[in-house]
Amino acid sequence: MEIEFVSPGAVEGEPLSAIAAPAFENQTLSAAAEALDGLSGGALSRAMGSSRFAGEKDQTLDLVAPAGLHAARVVLVGAGARGKLGDLGVERLAASAYHAVKTSGVSTLELRLGDLSDEQAARAALGVRLAAYRFDRYRTKERPEKKPSVVKVRISCTDPAAAAAAFEPLAALGDAVSFARDLVSEPANVLYPQEFARRVKSLEELGLEVEILGEAEMTELGMGCMLGVGQGSIRESQLAVMVWRGAADPKAAPIAFVGKGVCFDTGGISIKPAGGMEDMKTDMGGAAAVAGLMHALAGRKAKVNAVGVLGLVENMPDGNAIRPGDILTSMSGQTVEVINTDAEGRLVLCDAIWYCQERFKPRAILDLATLTGAIVVALGDELAGYYSNDETLASNLAAASTSEDELLWRMPLHKPYDKKLDSLAADVKNITGNREAGSVTAALFIQRFVTNSAWAHLDIAGTAWKAPPGSPTIPEGATGFGVRLLNRLIADHYEGR
Ligand code: BES
Ligand code: MN
Ligand code: ZN
């Protein structure tokens, strides 16, 4: 999709375009909408008055363009209370306008959203980009009229050149979110560990350093837990290491991100029930978010040193698979008794985190994982649970979460539950043996592998995938959750310091 910034009135509409303008609560028109209303002899206010459109957020009223306007359609977009539209509001407004006309047949969408600041105009562009994401690679028979017709979005704003400049880092972010969404959407027969690694390797084009370790290297390193998870799969496990050096001092300690990349989670020998098992193609959502973040940092040339480590495996039942009761030796040296082979994410993370700490000595380490069904029960699909051993990191995450509307809820690392992970046969077992506080005990398991660095764990099992209907900027399906959040965390708290 092409995005263009223009001064108000620079283009007088065109036959195959839709013009979108805001309206506020109680059916009051914005200045931009009033101008259109004037040109069309009051047709817009009449249409609005005879409809249920009230100007509330996310509401739209899509009309055939009245005589007097050089356009095919006009869309009134609800903006809520006048003057209360923040950056996120502009994104959402633009996204709603896009959805109202995306399959109407128009090829251009003109956004006349009023006197937008450069940043807001750029945000409108991001909103449309995020809204227009769809994963249709495997749909060979979709009827043409179901496909989006809009190919160009024109945004009027006070300073088009400045808006275009402000859009550059946001365009990088949008590309990164799409990259992460694609990874999560791909089925596991296409996106297995080596294919995931190949896609990550291709990010070298952006200036990232990418290393891929295979099973031989991981054996050498002693990553028995991570390798144990993958040993029932015919696909080779991979560890992807991505490095971005953007800080003034390329040797300064990086901030590190570790992602769970279980390309498919059958549960292994502790096999999952059939119903809904197809969703387990998304069990690499943590790795996808980290890869997306690294894409964003490189794409906008962030002034920070960051590393991303992805543990890429497939969890399958097989003659060679790990069994309940097996004892694995992690890279840290701690032995782990596997009580349930479906609690595999923590086995992947414990080695990936250890490797990351040993090699990079990061200033802070964050892991992202679709780790537990328990967090979905607790928080649903709109909030991710997070855990942290560091108050500054925790409050920075909370602030970033609010700024980007990727919602987080802090969960407790409740120390007394930790002893439930003690094993009779090994140093630790991978589950407690009951479901109580399942997301908490999973976090406590991971904490046993965290040295004394500032650490946060994000359980994104609920938020990586959105059931229909989705929201304006997050269509149903893969959300890319985490990319925006972490990109903001870095921009606001780690960049240039
Ligand atoms: N990948 C799942 C968690 C999950 C559940 C992700 C729902 C996305 C949606 C994880 O590997 C898992 O199977 N967890 C088990 C842990 C249990 C065996 C202690 C769970 O949550 O049931
Ligand atoms: Mn599992
Ligand atoms: Zn899993």
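## The ligand pocket, the cavities and two backbone features

A polar side-chain atom of Asp265 is placed 2.9 Å from an oxygen atom of ligand 1. This distance, like every value below, comes from a predicted model. Two further side chains make contacts of this kind. In Glu344, an N or O atom of the side chain is 2.8 Å from an oxygen atom of ligand 1, and for Lys260 the separation between a polar side-chain atom and a ligand oxygen atom is 3.2 Å. Taken on its own, ligand 1 has 520 Å² of accessible area, and the protein covers 75% of it.

The surroundings of ligand 1 comprise 15 residues, of which Lys272, Asp283, Asp342, Glu344 and Gly373 come nearest. Glu344 thus appears both in this group and among the side chains with a polar atom facing a ligand oxygen. By residue class, the shell consists of seven charged, four polar and four nonpolar residues.

Where in the protein does ligand 1 lie? The space that ligand 1 takes is the largest pocket. This pocket has a volume of about 1,100 Å³. Its lining is made up of 38 residues, and those closest to the pocket centre are Lys272, Leu371, Thr372, Gly373 and Ala374. Four elements each give two or more residues to this lining: strand E10 (255–265), helix H10 (345–360), helix H11 (373–379) and helix H13 (438–447). Helix H11 supplies the largest share, four residues. The pocket lining as a whole divides into 15 polar, 13 nonpolar and 10 charged residues. Lys272 and Gly373 recur here: they are listed among the residues nearest to ligand 1 and also among those closest to the centre of the pocket.

Attention may now turn from the open pocket to enclosed space. Rolling a probe the size of a water molecule over the atoms reveals where empty space remains. Across the whole structure, the search returns two cavities of 30 Å³ or more.

The largest cavity holds about 50 Å³ of space. Lys57, Asp58, Gly78, Leu85, Gly89, Arg92 and Leu93 line it. Helix H3 (residues 87–101) makes the greatest contribution to this lining, with three residues. In terms of class, three of the lining residues are charged, two are polar and two are nonpolar.

The volume of the second largest cavity is about 40 Å³. Its walls are formed by Ala180, Val184, Gly285, Ala288, Ala289, Ala464, Thr479, Gly480 and Phe481. Helix H5 (160–185) and helix H9 (285–299) are the elements that give two or more residues to this lining, and H9 accounts for the largest share, three residues. Which classes of residue line the second largest cavity? Six of the lining residues are nonpolar and three are polar, with no charged residue present. The lining of the largest cavity, by comparison, includes three charged residues.

Two features of the backbone complete this account. Pro468 and Pro469 are joined by a cis peptide bond, with omega about 10°. Pro469 is placed in the loop between strand E19 (465–466) and strand E20 (477–478). The other feature concerns Asn26, a residue other than glycine whose phi is positive, near 60°. Asn26 is also a loop residue, located between strand E2 (17–24) and strand E3 (28–29).

Key
Residues numbered from 1 in each chain as written. Chains lettered and ligands numbered in written order. Predicted model: local features only at pLDDT ≥ 70, side-chain atom pairs only at ≥ 80, totals over all residues. Heavy atoms only, no water. Near = heavy atom within 4 Å. Polar contact = N/O pair within 3.5 Å; in protein donor to acceptor, adjacent residues only side chain to side chain. Areas by Shrake-Rupley, 256 points an atom, 1.4 Å probe, with all protein chains shown as cover. 1 Å grid on protein atoms, 1.4 Å probe; cavity = no way out; pocket = protein on both sides within 12 Å on 5 of 7 lines; lining within 4 Å. Sits in = over half its atoms within 2 Å of the grid points. Nonpolar A, V, L, I, M, F, W, Y, C, P; charged D, E, K, R; others polar. Points joined across faces, edges and corners; volume = space filled by probe spheres on them.
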